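Me: Please take a close look at a single part of this structure. Walk me through one strand and its partners.

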Amino acid sequence: MIATARPNAVATSASEMPAATTANPPVPATAMLSNDLIMPTTVPSKPIKYVVNSHHHFDHSGGLRAYAAEGVTIVTHEINRPYFERAVANTWNLGSDRLAKSKKKPVFQTMGDNMVLTDGTRSVELYQIVGNAHHDGLIMAYLRKEKLLIEADAYTPGPAGAEPPKVPNPFSVNLEANVRRLNLEVDRILPIHGRIVPYGELLAAIGKTPAPAK
Ligand SMILES: [Zn+2]
């Protein structure tokens with residue numbers, strides 16, 4: 001099961017498995033969105049065990065404290081660890097948020113080039129988008145069975161039917177290069193910002209093939 005909470009946060013579910021990922025600005029809204037995702041209605045009867053932080057930009061990390069308060073493990077690239085360790089060591093003086101009230105210590109699990117979250121039945125493959133100028137520790141998720149790629153900020157599709165950009169976005173060019181590097185077969189892209197699209201729209205956006213049939 002894949003659930004999206006408003007746009008911009010994605011939850012995946014396996015038999016007893018994880019959930020995840022990042023959200024949209026501003027930070028207070030992100031924290032609210034996290035609270036919504038944590039509500040059992042999003043993934044009924046499945047505890048959230050992991051939240052995957054695609055990168056540390058504020059609109060993708062603003063809700064993490066709410067997950068940490070629930071004891072959810074935060075998965076992030078290893079280069080983000082020093083930043084988050086400093087961030088969670090900060091005191092919280094302007095009213096107590098969920099984490100401050102819980103008095104829990106956030107749990108991080110960091111990765112390098114790749115990592116697999118699995119319950120033995122279903123898997124979520126995580127890969128670093130290597131060499132992407134948007135952020136050094138950018139992580140994407142791949143659901144092999146569904147041939148679905150979930151990514152943030154490397155490619156944000158334009159409005160439906162819009163012409164591809166005249167100058168390809170270098171972040172998107174790099175994303176496609178990473179898909180080839182990893183030999184991933186992708187049918188669709190679920191961006192954290194924007195609408196789900198066929199993979200052909202990324203190719204069209206970077207001038208690699210004609211736009212897909214509408
Ligand atoms: Zn970003």
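Reply: Here is a look at strand β10 and its surroundings. The model is predicted, so local features need pLDDT of at least 70, side-chain atom pairs count only at pLDDT 80 or more, and totals for chains, interfaces and linings use all residues. Residues are numbered from 1 along each chain as its sequence is written.

Strand β10 covers residues 188-191. Strands (E, at least two residues) and helices (H or I, at least four) are DSSP runs, numbered from the N terminus. In a regular strand the side chains alternate between the two faces of the sheet. β10 shows such alternation. I189 and P191 point to one face and are buried. R188 and L190 point to the other face and are not buried. Buried means that 20 or more other C-beta atoms, placed from the backbone, lie within 10 Å of the residue's own; exposed means 12 or fewer, and partly exposed lies in between.

Now the partners. Two strands pair if DSSP finds at least two bridges between them. Strand β9 (residues 148-151) pairs with β10 in the parallel sense, over four bridges. P191 in β10 is the bridge partner of E151. Between β9 and β10, the chain passes through helix α6 (residues 170-181), and this β-α-β crossover is right-handed. That term means the path from the first strand over the helix to the second runs clockwise, with the strands pointing away from the viewer.

β10 also pairs with strand β11 (residues 197-198). These two run antiparallel and are joined by two bridges. Here I189 has V197 as its bridge partner. β10 and β11 form a hairpin, with five residues between them. In the turn, G194 has a positive phi of about 105 degrees.
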